[in-house]
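Student: I have a sequence and a model in front of me, and I would like a close look at a single part. Could you walk me through one helix and what sits at its ends?

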Amino acid sequence: MTWAPDSTRATNMPGMPSMAQAYARWVNAHGGIDGHKLQVLTCNEHNTATGAAECARRAVKENAVAVVGSYSQYGRAFMAPLEAAGIPYIGGYGVSDEEFTSALSYPVNGGQATLLAGTGKQLAVWCEKVSLVRPDTVSGDILPLLLNSGLAAGHRKPSADIRTTEDAGDYTPQAQEALVRAGADPELPGRIGRKAAAERARKGCVTAVLGDRTETFFDSFRRVESDGQKVQIASVLGSVGQPLVNRTGGADGPFEGAYITGWYPEAGDRRWEPMKQVIREQAFRDDTIDAADAGVQTTWIAYSVLHKVVESLGQNDVAAHDLVRALNKGVSVETGGLTPTLRWKFEDMLASPDFPRIVNRQVTFQVVKDGRLTAAQRGFTDVSATLADASALG
């Protein structure tokens with residue numbers, strides 16, 4: 001089963017179930033997985049705890065052998081039914097704490113934790129003051145600790161923590177506060193002069209992590225930011241990605257020059273070509289699937305893991321406990337360079353009480369240049385130490 005929210009007022013990820021179905025069509029057209037036909041069930045979890053629990057109960061009822069490549073921030077609601085039934089959760093998007101603590105979760109990325117830690121490291125190079133705009137939720141509460149740990153690694157002060165709701169229609173008050181606390185107070189030119197105020201603002205950064213509402217925030221932000229006091233903006237993949245950059249004007253839009261932290265190589269990297277070929281073959285008319293979307297990419301990688309694990313079994317019958325046993329024994333998965341080699345043995349996991357299931361602590365630094373997300377530096381950056389420091393602070 002693959003689930004994700006769709007048609008909600010907050011974050012929507014319709015491309016993830018669609019990618020799962022396209023993968024199934026593709027693999028079945030080529031003989032299945034080790035001779036097994038792949039049947040994919042999908043579920044809309046509606047971005048609610050009730051919806052997530054209902055999807056999990058349906059996975060149990062339908063005898064799903066795994067939940068793969070899914071999105072939900074309600075880990076407490078969905079992990080308990082899966083754990084009771086012994087169903088592994090492979091390659092979740094990484095927005096719930098339980099994905100990095102449950103013994104039946106096998107994440108393919110480091111979730112929001114690695115992204116925020118990476119953003120802190122990336123912004124520490126340029127920014128003297130940083131404002132973070134984030135959801136006022138339980139999962140959002142740890143984001144400042146992670147960002148600040150990354151900033152501290154670069155010898156910068158903690159960020160200004162600005163809380164808000166995920167489904168607001170306007171973020172003008174938060175945008176104004178973020179600008180002031182990043183060093184772009186609109187009253188500064190009158191006190192220290194335009195040139196000095198512009199220079200101070202240039203050393204400030206504003207980052208927002210609000211899922212689909214990040215676009216709404218930066219729309220409010222653009223209306224209140226002064227032309228003479230421009231700050232650097234930043235976010236993380238999933239809140240800002242190539243589809244959003246395209247939709248908001250590309251090189252002429254508000255995200256030109258923005259720093260973005262991601263889990264994977266930029267969408268134009270040749271390592272995504274196998275996934276793009278599957279989309280062309282099996283979903284070329286499906287406009288919910290965008291190869292540049294981080295959710296679609298995560299689902300592709302998660303099903304690549306499932307494929308490898310089933311092949312490693314060499315069995316006619318495959319049950320949930322077979323997958324769990326293989327994963328726990330240390331089956332290794334190569335993803336064509338999209339991630340480090342993935343393996344979930346005890347020694348591969350992070351020595352942190354907050355994120356013990358993280359096995360992929362690598363992030364990529366990207367920047368929007370000429371309307372395209374491009375690599376800000378080559379290769380991956382390891383944020384293991386930053387995560388450990390954040391856990392100690394928490």
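Tutor: Happy to; what follows is a look at helix H12, with a short stop at a sheet afterwards. This is a predicted model, in which local features need pLDDT of at least 70, side-chain atom pairs count only at pLDDT 80 or more, and totals for chains, interfaces and linings use all residues. Residues are numbered from 1 along each chain as its sequence is written, and side-chain values use heavy atoms, with hydrogens and water left out.

Helix H12 covers residues 294-313; helices here are DSSP runs of type H or I with at least four residues, strands are E runs of at least two, and both are numbered from the N terminus. The expected span is 1.5 Å times one less than the number of residues, so the 20 residues of H12 should span 28 Å, and the 29 Å between its end C-alpha atoms agrees with that. Of those 20 residues, 17 are buried (under 20% relative accessible area, with a 1.4 Å probe and protein chains only).

Now the two ends. At the start of H12, Asp293 places a side-chain oxygen within 2.9 Å of the backbone nitrogen of Gly295. After the helix comes Gly314, with a positive phi near 60°.

For the sheet, strands E3, E4 and E5 form an open, parallel arrangement in that order. E3 (67-68) and E5 (105-106) are at the edges with a single partner strand each, so one side of each has no neighbour in the sheet. E3 is joined to E4 (residues 89-90) by two bridges, the minimum DSSP count for strands to pair being at least two, and Val67 is opposite Tyr89 in E4.

Notes
Buried < 20%, exposed > 50% of the residue type's maximum accessible area, 1.4 Å probe, protein only. Polar contact = N/O pair within 3.5 Å; in protein donor to acceptor, adjacent residues only side chain to side chain.
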